[in-house]
Amino acid sequence: WSFRKEERGAKVFSKTTPGCEHNSMLGVARIDNVTPWALAEVARGLPTFDPQFEKGETVAELVEGVQVRHTKYKRIFPTASRDFCMVGQCLWKKDGSALIVGQSVEHAQCPPVSGSVRARLLIGGWQFLPVWDAHNVDNPVPVATDVRYMCQVDVGGSIPTRITNEVSLKQPLAIADLRDKALTPEIIAEMAEYYTRAAADA
């Protein structure tokens with residue numbers, strides 16, 4: 001991974017993949033006073049905080065917790081709007097961490113949309129790792145979360161690769177959006193309580 005920049009508290013890295021013209025992007029940050037489960041809970045709805053987001057819906061549930069979703073984003077002149085058909089899953093782990101993984105798929109209930117270009121998430125996901133209190137090992141609630149967000153996107157159409165890779169530099173800043181726009185005191189408190197209950201049941 002090659003370091004590209006640091007912005008809004010997130011470090012951004014990129015990586016080239018042999019045989020693929022689209023860079024993989026990685027964002028890394030530590031968010032204090034928030035648990036991994038709280039961040040994962042709000043990350044599932046994060047696209048709605050994107051000003052370009054137009055609409056999204058679940059079109060199928062393959063098995064419990066594994067959903068096929070369709071999302072559409074507004075056009076940015078002079079380009080057409082983009083839409084995605086993706087399968088995704090959120091995993092809550094016993095060690096206090098959480099994962100969200102996703103990838104574009106083809107699905108009969110998610111056909112191409114007239115007037116939009118079908119973009120592809122080649123691979124994407126969030127990793128939320130708990131940071132425990134080294135001075136209070138009996139504290140069942142993490143004091144911070146190490147967050148990693150990785151994605152590799154083919155936006156489709158005829159946009160030059162150089163421009164799409166420049167736009168890709170902004171994608172890992174979803175970590176900052178997660179911290180600044182999506183979290184509420186209620187969610188933070190509720191998910192912290194889950195850790196306390198899990199510790200009591202262990």
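Buried means under 20% relative accessible area, exposed means over 50%, and partly exposed lies in between, with a 1.4 Å probe and protein chains only as cover. The structure above is a predicted model, in which local features need pLDDT of at least 70 and side-chain atom pairs count only at pLDDT 80 or more, while totals for chains, interfaces and linings use all residues. Residues are numbered from 1 along each chain as its sequence is written, and side-chain values use heavy atoms, leaving out hydrogens and water.

**Exercise 1. Find what share of the chain's residues count as buried, and compare the radius of gyration with the globule rule.**

Step 1. Of the 202 residues, 41% count as buried.

Step 2. The radius of gyration is taken over C-alpha atoms, and the rule is 2.2 Å times the number of residues to the power 0.38.

Step 3. For 202 residues a compact globule would have a value near 17 Å; the chain has 18 Å, so the two agree.

Step 4. As a companion figure, the C-alpha trace spans about 55 × 40 × 30 Å along its principal axes.

**Exercise 2. Work out which residues touch the most other members of the largest nonpolar core, and which helix gives the most to it.**

Step 1. Such a core is a set of buried Ala, Val, Leu, Ile, Met, Phe, Trp, Tyr and Cys residues joined through side-chain atoms within 4.5 Å.

Step 2. The largest one has 38 residues, and Leu39, Trp126, Phe128 and Leu178 touch the most other members.

Step 3. Helix H1 (residues 36–43) gives the most to this core, with six residues. Helices are DSSP runs of H or I with at least four residues, strands are runs of E with at least two, and both are numbered from the N terminus.

Step 4. Now look at H1 itself: seven of its eight residues are buried, including Trp37, Leu39 and Val42.

Step 5. Take Leu178 next. Leaving aside neighbours within four places in sequence, Leu178 is in contact (heavy atoms within 4.5 Å) with Leu39, Val42, Ala43, Leu46, Trp126, Phe128 and Leu183.

**Exercise 3. Explain why Cys20 forms no disulfide with Cys151.**

Step 1. A disulfide is a pair of cysteine sulfur atoms within 2.5 Å.

Step 2. The closest cysteine sulfur to that of Cys20 is in Cys151, 12 Å away, which is too far for a bond.

Step 3. By this rule the count comes to zero disulfides.

Step 4. To finish, check the surroundings: Cys20 is partly exposed at 27% relative accessibility, whereas Cys151 is buried at 2%.
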